[in-house]
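Trainee: I would like to learn how to read a structure residue by residue and then helix by helix. Could you take me through one case, with the general idea before each example?

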Amino acid sequence: MSTAKKSTRKYSKGTQKEVKNEMHRLKKGTAKSGKSGASVKSKKQAIAIALSKARKKGMKVPKKAAAKKKT
């Protein structure tokens, strides 16, 4: 009997560092989003910003999850 290995997302060390730095900015209250420069309130938003920055820098980040369709 073989057990199927559950695939996990793989992030580079640089991406992990980017997320860590963004979380520090969130906790300090200096995290800003987009062109408007609005302050970031949630952890999810901070992580999304960090992953976006990492993608722009060319770091290894898994593809964005496809939006689920409503039926």
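Trainee: Where is Thr8 found in relation to α1?

Mentor: Before we place any residue, keep in mind that this is a predicted model. Thr8 belongs to the segment before α1.

Trainee: Is Thr8 buried or exposed?

Mentor: The general idea is to compare the relative accessible area with two cut-offs, so that under 20% is called buried, over 50% exposed, and anything in between partly exposed. Thr8 has a relative accessible area of 52%, and is therefore exposed.

Trainee: How far is the C-alpha atom of Thr8 from that of Pro62?

Mentor: Separation along the chain and separation in space should be read side by side. Thr8 and Pro62 are 54 residues apart along the chain, and their C-alpha atoms are separated by 9.9 Å. For Thr8 and Ala48, which are 40 residues apart along the chain, the C-alpha separation is 18 Å.

Trainee: And Ala48 itself, where is it found, and what does its accessibility make it?

Mentor: Ala48 is a residue of helix α2, and its relative accessibility of 44% makes it count as partly exposed.

Trainee: Which residues does Thr15 touch, beyond its neighbours within four places in sequence?

Mentor: A contact list is best read together with location and burial. Thr15 sits in helix α1, where it is buried, with a relative accessible area of 1%. Setting aside the neighbours within four places in sequence, Thr15 is in contact with Leu51, Ala54, Met59, Lys60 and Val61.

Trainee: How does Arg25 look when it is read in that manner?

Mentor: Arg25, which also lies in helix α1, counts as partly exposed because its relative accessibility is 28%. With neighbours within four places in sequence left aside, its contacts are Thr30, Ala31 and Lys53. Between Arg25 and Lys57, the distance from C-alpha to C-alpha is 19 Å, with 32 residues separating the two in sequence.

Trainee: At what angle do α1 and α2 pack?

Mentor: For a helix pair, one reads the angle, the distance between the axes, and the handedness. Helix α1, residues 13-28, packs against helix α2, residues 43-57, at an angle of about 140 degrees, and their axes are 9 Å apart. That angle is why α1 is described as oblique to α2. The crossing of the two helices is right-handed.

Trainee: Which residues make the contact between α1 and α2?

Mentor: From α1, the contact residues include Thr15, Glu18, Val19, Glu22 and Arg25, while α2 contributes, among them, Lys43, Ala46, Ile47, Leu51 and Lys57. By character, the residues of this contact divide into nine nonpolar, one polar and six charged.

Trainee: Which residues make up the largest nonpolar core?

Mentor: Here burial and side-chain proximity are read together. The largest nonpolar core has six residues in all, namely Met23, Leu26, Ala31, Val40, Ala46 and Ile49. Each of α1 and α2 supplies at least two residues of this core. Ala46 is a good member to follow in the viewer: not counting residues up to four places away in sequence, it touches Glu22, Met23, Leu26 and Val40.

Trainee: To finish, where is Lys64 found, and is it buried or exposed?

Mentor: Lys64 is in the segment after α2, and with a relative accessible area of 69% it is exposed. The C-alpha atoms of Lys64 and Lys44 are separated by 14 Å, the two residues being 20 residues apart along the chain.

Note on methods:
Residues are numbered from 1 along each chain as its sequence is written. This is a predicted model: local features need pLDDT of at least 70, side-chain atom pairs count only at pLDDT 80 or more; totals for chains, interfaces and linings use all residues. Side-chain values use heavy atoms; hydrogens and water are left out. Axes are lines fitted to C-alpha atoms, for helices over the stretch in contact, and angles run from 0 to 180 degrees between N-to-C directions. Helices (H or I, at least four residues) and strands (E, at least two) are DSSP runs, numbered from the N terminus. Angles under 35 degrees count as roughly parallel, over 145 as roughly antiparallel, 65 to 115 as roughly perpendicular and the rest as oblique. A crossing is left-handed if the near helix is turned anticlockwise from the far one by less than a right angle, and right-handed if clockwise. Contact means heavy atoms within 4.5 Å. Ala, Val, Leu, Ile, Met, Phe, Trp, Tyr, Cys and Pro count as nonpolar, Asp, Glu, Lys and Arg as charged, and the others, Gly among them, as polar. A nonpolar core is a set of buried Ala, Val, Leu, Ile, Met, Phe, Trp, Tyr and Cys residues joined through side-chain atoms within 4.5 Å. Buried means under 20% relative accessible area, exposed over 50%, partly exposed in between (1.4 Å probe, protein chains only).
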